[in-house]
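Please look over the sequence and the model shown here before reading on. The report that follows takes up one part of the fold after another and is meant for someone who has not met this structure before.

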Amino acid sequence: MPPELNVPAKLIIASRESRLAMWQAEHVRARLAALYPQCSVEILGMTTRGDQILDRALSKVGGKGLFVKELEVAMDEGRADLAVHSLKDVPMELPAGFALAAILEREDPRDAFVSNDYASLDALPHGAVVGTSSLRRQSLIAARYPHLTILPLRGNLDTRLGKLDRGDYAAIILAAAGLKRLGLEERIRAVLDPEYSLPAAGQGAMAIEIRRERADGVDLAALLAPLNHTATAQAVTAERKVSKIFGGSCQIPLAAFATVDGDQMRLRAMVATPDGKRMASADVSGAPDAPEQLGEAVAELLRTQDAAAILASCAVTPDQHEGLAPHA
């Protein structure tokens, strides 16, 4: 630890109260406690509007921001110093005065097939009901498996698994990362190859958000810098650039996934209609230290495939799905 760092006596982490969100906050708490043993690190659990609204499409009542707004208010009011998020839940544009200070090393970014009776999507019979929270997943599944019935799936991870176990769905699609973090890897019957189920921007990554300025002079960005994982940060910056260019909305079936291998980053992205019948895709490689330029290059390739028209058709039919839920 550099001697010039001003380490406060206490730090408070704001977190949603779902089991997965609290696991993530506890993970960050433990990392900070190990780095700065002289600092007491506490967690402030909160319920967000996104957790409370379970009967309406989130795209109609505020979208992804509903999962982070209350945490930002807590930081603004001085009740918390930082907030831990699943990056996939963080809007592309942060409010003025806020910043993402660290991106932690990514967990498995892939989608997971979860079922009590079937081994894979290929094994599902005609008309089988698949639950998903994501327009992205809906479009990708519909494109390859038009004989399946895809229905909305809301709620936190435990709620979704409970609905599967109750028999509401033949299978559900979740993020592998959340299942693994909670020790539920045995529920995964198959992980979906990104070749066929391209992940969402930021999927599997955790982010720490802070206020840019503090009255006490504590440099939180410097304190959190050891938690930042460079390759993950580069990859998700490229992914989020694509999402930002196209709006980053709950109403958009958009995937963006980057991997870093040495001095090369590969970025793949797609946009589609919810029924999977129209799709544009792009695959570009470049330098990992220029992630935003790579994101712009991919977005330009998508534009040449009429991505704007695809997304425009999505925008006029938001009721085709119940919207996005966190930690999907």
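## Hairpins, sheet and helices

Strands β12 and β13 form a hairpin in which six residues lie between them, and Gly276, in the turn, has a positive phi of about 75°. The two strands of this hairpin, β12 and β13 (residues 279-286), pair in the antiparallel sense over eight bridges, and Ala269 stands opposite Ala282 of β13. The structure described here is a predicted model, with an average pLDDT of 89 for the protein and a score of at least 70 for 88% of the residues. Over residues 50-63, however, the pLDDT is below 50, although this stretch has 31 contacts in the model beyond near neighbours in sequence. Residues 316-328 likewise have a pLDDT that stays under 50, and for them the model has 49 contacts beyond four places in sequence.

Strand β12 also has a partner in β11 (residues 254-261), with which it pairs in the antiparallel sense over eight bridges. Within this pairing, Ala258 has Leu267 of β12 as its bridge partner. The hairpin of β11 and β12 has two residues between the strands, and Gly262 takes a positive phi near 65° there. Is β12 largely enclosed by the rest of the structure, or largely open? Seven of the nine residues of β12 (residues 264-272) are buried, so this strand is largely enclosed by the rest of the structure.

A second group of strands makes up an open sheet of five, in the order β2-β1-β3-β10-β4, with mixed pairing. Its edge strands are β2 (40-46) and β4, each of which pairs on one side only, and the twist averages 30° from one strand to the next. Inside this order, β3 (residues 82-86) and β10 (residues 206-211) pair in the antiparallel sense over five bridges, and Leu82 has Ile210 in β10 as its bridge partner. Helix α1 lies across β1 (10-16), β2, β3 and β10, and runs at about 160° to β1. Leu20 lies in this helix, which covers residues 19-35, and it counts as buried because its relative accessibility is 6%. The C-alpha atoms of Leu20 and Asn156 are separated by 8.3 Å, while the two residues are 136 apart along the chain.

Helix α9 (residues 230-245) has 16 residues and reaches 23 Å from its first C-alpha to its last, close to the 22 Å expected at 1.5 Å a residue. Its buried residues include Thr232, Ala235, Val236 and Glu239, and what covers the buried residues of α9 includes β4, β11, β12 and α10 (291-304). Helix α4 (residues 69-76) has its own buried residues, namely Glu70, Leu71, Glu72, Ala74 and Met75.

Glycines with positive phi follow both of these helices and also occur in the two hairpins, as the table sets out.

| Glycine | Place | Phi |
|---|---|---|
| Gly78 | follows α4 | positive, near 85° |
| Gly247 | follows α9 | positive, near 105° |
| Gly262 | hairpin of β11 and β12 | positive, near 65° |
| Gly276 | turn of the hairpin of β12 and β13 | positive, about 75° |

Two loop residues show how parts of the chain come into contact. Arg106 is found in the loop between β4 (98-103) and β5 (111-114), and it counts as buried because its relative accessibility is 17%. Which side chain does the side chain of Arg106 meet in a polar contact? The partner is the side chain of Glu239, at 2.9 Å, and Glu239 is itself one of the buried residues of α9. Not counting residues up to four places away in sequence, Arg106 also touches, among others, Thr232, Ala235 and Val236, as well as Phe257 and Ala258.

Pro199, for its part, lies in the loop between β9 (190-191) and β10, and it is buried, with a relative accessible area of 0%. Leaving aside neighbours within four places in sequence, Pro199 is in contact with Pro109, Arg110, Arg136, Pro194, Ala255, Ala256 and Phe257. The C-alpha atoms of Pro199 and Ala175, which are 24 residues apart along the chain, are separated by 8.7 Å. Phe257 thus appears among the contacts of Arg106 and among those of Pro199.

How values were computed:
Residues are numbered from 1 along each chain as its sequence is written. This is a predicted model: local features need pLDDT of at least 70, side-chain atom pairs count only at pLDDT 80 or more; totals for chains, interfaces and linings use all residues. Side-chain values use heavy atoms; hydrogens and water are left out. pLDDT is the predictor's confidence in each residue, from 0 to 100. Contact means heavy atoms within 4.5 Å. Buried means under 20% relative accessible area, exposed over 50%, partly exposed in between (1.4 Å probe, protein chains only). Helices (H or I, at least four residues) and strands (E, at least two) are DSSP runs, numbered from the N terminus. Two strands pair if DSSP finds at least two bridges between them. A polar contact is a pair of N or O atoms within 3.5 Å; within protein, one must be able to donate a hydrogen and the other to accept it, and residues adjacent in sequence count only if both atoms are side-chain atoms. Axes are lines fitted to C-alpha atoms, for helices over the stretch in contact, and angles run from 0 to 180 degrees between N-to-C directions. The expected span of a helix is 1.5 Å times one less than its number of residues.
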